[in-house]
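Work through the exercises below with the sequence and the model side by side. Try each task before reading its solution.

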Amino acid sequence: MIAVTPQLSIPERELRFHASRSSGPGGQNINKVNTRVTLHFDVRRSPSLTVAQKSLIGRKLKTRINKEGVLYLDAQRASSQAMNRADLLDKFCRLLHEALAPRKIRKKTRISQRSIENRLDQKKRRGRVKHLRNRPIRVDD
């Protein structure tokens, strides 16, 4: 069981892992060893998630979920498959935890009178500076 939140745990049988060769520099080891790990998690068909949780994850992680409702994540930072798998599980838990976190409600605030006055004073000062940059007007009599 993978604990995502105190209320939500996902059994490991719902996750599918696939190993492949990593990309990027790394020499001979990268060319012959499958160290990159990809995680597949079917959000739509998961019995561990409620309908509300599925829709919330679908909205917040829509760039990582394909049309079939499968969440794809991969890890290839470490040079061993076991370390990449552990990194991937941590990443998976963090993503789901953030997606399921309740949104903070914004409290309406008022701008203080002093900050309004300061802003207007700054605008007046800036206007005076720009006015002084103009050429003086000649009055020929």
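**Exercise 1.** Find the element of the chain in which Asp42 is placed, and then list the contacts of Asp42.

Solution. Begin with the place of Asp42 in this predicted model, which is in strand β4, a strand made up of residues 36–42. Next, follow the side chain of Asp42, which makes a polar contact of 2.8 Å with the side chain of Arg45. A polar atom of the same side chain lies 3.4 Å from the backbone nitrogen of Arg44, and this distance can be set against the cut-off for a polar contact, a pair of N or O atoms within 3.5 Å. Finally, leave aside residues up to four places away in sequence, and the residues that Asp42 touches are Glu68, Gly69 and Val70.

**Exercise 2.** Work out which strands form a sheet with β4, and in what order they stand.

Solution. Start with the partner β5, which pairs with β4 in the antiparallel sense over 6 bridges. As one example from this pairing, Thr38 has Asp74 in β5 as its bridge partner. Then widen the view to the open sheet, in which 3 strands follow the order β3-β4-β5 with antiparallel pairing. The edges are taken by β3 (15–20) and β5 (70–75), each of which pairs on one side only. Neighbouring strands of this sheet are, on average and with direction ignored, turned by 20° against each other.

**Exercise 3.** Identify the strands that helix α3 touches where it packs on the sheet, and give its angle with β4.

Solution. Locate helix α3 at residues 81–100, and trace its contacts with the sheet, which reach β3, β4 and β5. Then compare directions: that of helix α3 makes about 35° with that of β4.

**Exercise 4.** Describe the chain as a whole, beginning with its elements and going on to its dimensions and surface.

Solution. First count the elements, which are 4 helices and 5 strands, and read them from the N terminus on as β-β-β-α-β-α-β-α-α. Second, take the extent of the C-alpha trace, which spans about 95 × 45 × 25 Å along its principal axes. Third, consider the radius of gyration, which is 28 Å for the chain, whereas a compact globule of 141 residues would have a value near 14 Å. Fourth, turn to the surface: the accessible area of the chain comes to about 11400 Å², with 51% belonging to carbon and sulfur atoms, and 28% of the 141 residues count as buried. Last, among contacts between residues at least 6 apart in sequence, 57% join residues at least 24 apart.

How values were computed. Residues are numbered from 1 along each chain as its sequence is written. This is a predicted model: local features need pLDDT of at least 70, side-chain atom pairs count only at pLDDT 80 or more; totals for chains, interfaces and linings use all residues. Side-chain values use heavy atoms; hydrogens and water are left out. Two strands pair if DSSP finds at least two bridges between them. Helices (H or I, at least four residues) and strands (E, at least two) are DSSP runs, numbered from the N terminus. Axes are lines fitted to C-alpha atoms, for helices over the stretch in contact, and angles run from 0 to 180 degrees between N-to-C directions. Contact means heavy atoms within 4.5 Å. The radius of gyration is taken over C-alpha atoms; the globule rule is 2.2 Å times the number of residues to the power 0.38. Buried means under 20% relative accessible area, exposed over 50%, partly exposed in between (1.4 Å probe, protein chains only). Accessible areas come from the Shrake-Rupley method with a 1.4 Å probe; for residues, only the protein chains shown count as cover. A polar contact is a pair of N or O atoms within 3.5 Å; within protein, one must be able to donate a hydrogen and the other to accept it, and residues adjacent in sequence count only if both atoms are side-chain atoms.
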